[in-house]
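This report covers charged pairs, one sheet, enclosed and open spaces, and some backbone details. The structure comes first.

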Amino acid sequence: MTGQVVRHTMDLAGTDVPVIDITGAADGPQLTVISGVHGCEYASMAGVRRWAAALDPARLRGRVRVVPVLNITGFRARAPFVVPQDGKNLNRCFPGNPDGTLAERLAHAAFTEFIQGADGLVDAHCGDMVEALEPFAMYEAGSGEGRARALAEAYGLGYVMRQEPGPDRAVGGTTSAAAAAIGVAAITAEAGGCGLVEEDMVALHVRGLGRVLTAMGIADADANGAPAGAGEPGAAEYLGRFLWLRCAQEGWWEPAVVAGEKVAEGQLLGRVHSIDDAETLEELRTTTDRLMNSLT
Ligand SMILES: [Zn+2]
């Protein structure tokens with residue numbers, strides 16, 4: 001048995017989704033890797049594609065299922081954040097609904113096909129078309145969280161966040177939350193953004209995916225798809241929670257800080273101006289006010 005790679009297209013809720021199924025030469029766990037849950041997150045798609053192409057099935061123990069672009073209709077339409085047919089964020093729809101709208105049916109199909117039965121899940125993201133971010137990985141509190149935490153640290157993005165149910169929870173219906181709910185060790189890994197394919201961000205995903213493969217015991221370090229010398233990740237800095245700030249009025253956003261900048265309480269983050277630039281409508285400052293945080 002030498003293992004095999006099968007590249008095919010699957011009908012998921014009526015959309016044709018490209019899939020790479022890699023079966024190793026020996027038995028072992030199953031890792032599912034998804035990207036393109038959001039249609040314009042190109043850095044993570046690029047990392048996942050490059051990593052999958054570098055894997056040699058003869059040197060793997062177990063199975064790797066790779067979905068480079070899950071939200072294929074959003075990708076084709078260059079539509080950020082949503083499935084264009086119903087305007088829903090696919091990463092708020094898991095585990096999905098077989099009788100729902102397209103995003104809900106696609107979530108259900110992907111959950112059933114790729115997440116159920118897996119031992120591990122990496123959902124690789126970056127900022128979408130108009131979104132800059134500092135790289136981080138996230139996992140869910142719960143019964144399987146020890147294994148998920150190990151994968152989040154292995155990915156090596158510097159910051160790690162543990163998501164807990166409750167008032168501080170940023171979002172529900174994500175791939176990794178739905179996976180964690182059925183005991184799958186799952187992480188969401190974010191690096192890159194703004195519709196760009198930046199080499200350093202792509203490389204973060206390739207290295208992270210390789211380390212996850214090794215952490216799960218599917219591949220040795222010299223056969224995990226990461227370039228030689230990728231080494232061990234540095235110590236992760238743990239983040240407590242998200243603070244989502246919302247502006248009250250629409251307009252033209254002009255940031256006063258850049259992604260990754262450390263900010264102090266009360267610091268100016270940016271201003272909302274009228275489209276014609278006649279007036280400043282709002283100033284947004286850092287706050288730890290829970291009322292602001294609950295507006296999601
Ligand atoms: Zn995303």
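Arg-271 is partly exposed, with 32% relative accessible area (buried is under 20%, exposed over 50%, partly exposed in between, using a 1.4 Å probe and protein chains only). The model is predicted: local features need pLDDT of at least 70, side-chain atom pairs count only at pLDDT 80 or more, and totals for chains, interfaces and linings use all residues. Residues are numbered from 1 along each chain as its sequence is written, and side-chain values use heavy atoms, with hydrogens and water left out.

**Salt bridges**

A salt bridge here is a side-chain nitrogen of Lys or Arg within 4 Å of a carboxyl oxygen of Asp or Glu. The count by this rule is 13 salt bridges. Among them are the pairs below.

| Acid | Base | Closest N and O atoms |
|---|---|---|
| Asp-21 | Arg-63 | 3.7 Å |
| Glu-237 | Lys-262 | 3.5 Å |
| Glu-283 | Arg-271 | 3.0 Å |

Asp-21 forms a salt bridge with Arg-63. This pair links distant parts of the chain: Asp-21 sits in strand β2 (residues 15-23) and Arg-63 in strand β4 (residues 61-67), 42 residues apart. Helices (H or I, at least four residues) and strands (E, at least two) are DSSP runs, numbered from the N terminus. Asp-21 is buried, at 7% relative accessible area. Arg-63 is partly exposed, at 32%.

Glu-237 forms a salt bridge with Lys-262. Glu-237 lies in strand β9 (residues 237-239) and Lys-262 in the loop between β10 (252-255) and β11 (268-273), so the pair ties together parts 25 residues apart in sequence. Glu-237 counts as partly exposed at 39% relative accessibility. Lys-262 is exposed, with a relative accessible area of 60%.

Glu-283 forms a salt bridge with Arg-271. Glu-283 belongs to strand β12 (residues 280-285) and Arg-271 to strand β11; the two residues are 12 apart, and the pair links distant parts of the chain. Glu-283 is partly exposed, at 39% relative accessibility.

Which residues do shared salt-bridge partners join into one network? They are Asp-21, Arg-63, Arg-65 and Glu-113.

**The β10-β11-β12 sheet**

Three strands form an open sheet in the order β10-β11-β12, with antiparallel pairing. β10 and β12 stand at the edges with a single partner strand each, so one side of each has no neighbour in the sheet. On average, neighbouring strands of this sheet are turned by 20° against each other, direction ignored. For that angle, axes are lines fitted to C-alpha atoms, for helices over the stretch in contact, and angles run from 0 to 180 degrees between N-to-C directions.

Two strands pair if DSSP finds at least two bridges between them. β10 and β11 pair in the antiparallel sense over four bridges. Glu-254 has Arg-271 of β11 as its bridge partner.

**Cavity and pocket**

Both kinds of space are found on a 1 Å grid over the protein atoms alone: a cavity is a set of points where a 1.4 Å probe fits but cannot get out, a pocket is an open set with protein on both sides within 12 Å along at least five of seven lines, and lining residues have an atom within 4 Å of a point. Grid points are joined across faces, edges and corners, and a volume is the space filled by probe spheres set on the points.

There is one cavity of 30 Å³ or more. The largest cavity holds about 40 Å³ of space. Its lining includes Glu-140, Glu-145, Ala-180 and Val-184. By class, this lining has four nonpolar, four polar and two charged residues.

The second largest pocket has a volume of about 240 Å³. It is lined by 15 residues; the closest to its centre are Arg-211, Ala-221, Asn-224, Gly-231 and Glu-232. Helix α6 (residues 199-215) gives the largest share of this lining, three residues. The lining divides into eight nonpolar, four polar and three charged residues. In these classes, Ala, Val, Leu, Ile, Met, Phe, Trp, Tyr, Cys and Pro are nonpolar, Asp, Glu, Lys and Arg are charged, and the others, Gly among them, are polar.

**Backbone details**

Phe-94 and Pro-95 are joined by a cis peptide bond, with omega about 5°. Pro-95 is in the loop between α2 (72-77) and α3 (102-115).

Ala-13 has a positive phi near 55° though it is a residue other than glycine. Ala-13 lies in the loop between β1 (4-12) and β2, and is partly exposed at 22% relative accessibility. Cys-194, also not a glycine, has a positive phi of about 60°. Cys-194 lies in the loop between β8 (185-190) and α6, and is partly exposed at 32% relative accessible area.
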